[in-house]
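Thank you all for coming; I would like to take a few minutes to walk through a structure that may be new to some of you. Please have the sequence and the model open while I talk.

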Amino acid sequence: MKPFCILAGALAWLCLAAPVHAQQADSVRIGGRLADVELHDVSGNYSTLSSFVGDGKYLLVCFWTANCPRCHASFVELKKYHAAYADRLRIIGVMLSDNHDGWMEMYQYKQPFPWPNLSDGQLLMEGAAVPYNIRLFPTFVLVDPEGTILRKWSGFTAEPFRKELEPFFPPVAP
């Protein structure tokens, strides 16, 4: 009976671990192409990430969630870059949460963003988070005008954020 229990336990572990490895294998990488996912805005209009690429502009995607203080702190810095580089940089927010009503209420009443804010109504192990291997909030992905991923980083404090963007966009005044 003991060998059977060990075998059953090992098989269960392999079954649970397999999706994680598959997700990591399919994750986007620096130098790779933007993974296209379908998202919707607060009005219910659907679009894909690829629809924001092009026109000679870089794309900065901010994956965030409502109960994340660092995400909210990053919005101040994002607004500065949005204003300073509107001619060269497109920013979009991607809310990762299944609290769709809370997201819509916050967005419609507080209107915290001057850029498009989208969601797929999914959590970390589903939807848009999977190809980007999102594990921390916020996570930023910088994409060139042709759709190639240049940078990906997680967490937020102002100085490291500016350093990630500095090769492409000189820091804006604090």
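I will begin with the cysteines, go on to a group of paired strands, and finish with some backbone angles in the loops.

Please keep in mind that what you see is a predicted model, and that the values I quote are computed from it.

Let me start with the cysteines. A search of the whole structure finds one disulfide, and the two partners are Cys68 and Cys71, whose sulfur atoms lie 2.4 Å apart. The link of Cys68 and Cys71 is right-handed, with 85 degrees about the S-S bond, and both Cys68 and Cys71 are buried. For anyone less used to the term, a disulfide is a covalent bond between the sulfur atoms of two cysteines.

You may then ask why Cys62 does not take part in a bond. The closest cysteine sulfur to that of Cys62 belongs to Cys71, and because the two are 6.1 Å apart, they are too far from each other for a bond, the cut-off for a disulfide being 2.5 Å. Cys62 is itself buried, with a relative accessible area of 1%.

Now to the strands, where I suggest that you find β6, which covers residues 139-143, and β7, which covers residues 149-154. These two strands pair in the antiparallel sense over five bridges, and they form a hairpin with five residues between them. In the turn of that hairpin sits Gly147, which has a positive phi of about 100 degrees. If you look across from β6 to β7, you will find Leu142 opposite Arg151, and Phe140 with Trp153 as its bridge partner.

What pairs with β6 besides β7? Strand β3, residues 58-64, also pairs with β6, again in the antiparallel sense and over five bridges. Leu142 appears here once more, since in β6 it is the bridge partner of Leu60.

Is β6 itself mostly covered or mostly open? The strand is mostly covered, with five of its five residues buried, and this holds for both faces: Thr139, Val141 and Val143 are buried on one side, while Phe140 and Leu142 are buried on the other.

That brings me to the loops and their backbone angles. As a background remark, most residues other than glycine have a negative phi, and most peptide bonds are trans. In the loop between β5, residues 117-119, and β6 we find Pro138, and the peptide bond that leads from Phe137 to Pro138 is cis, with omega near -15 degrees. The loop between β5 and β6 also holds Asn133, which has a positive phi of about 50 degrees although it is not a glycine, and which counts as partly exposed at 22% relative accessibility.

Where does Asp55 lie? Asp55 is placed in the loop between β2, residues 46-48, and β3; although it is not a glycine, it has a positive phi of about 55 degrees, and with a relative accessible area of 70% it is exposed.

That is where I will stop, and I am happy to go back to any of these places on the screen.

Note on methods. Residues numbered from 1 in each chain as written. Predicted model: local features only at pLDDT ≥ 70, side-chain atom pairs only at ≥ 80, totals over all residues. Heavy atoms only, no water. Buried < 20%, exposed > 50% of the residue type's maximum accessible area, 1.4 Å probe, protein only. Pairing = 2+ DSSP bridges. Helix = DSSP H or I, 4+ residues; strand = E, 2+ residues; numbered from the N terminus.
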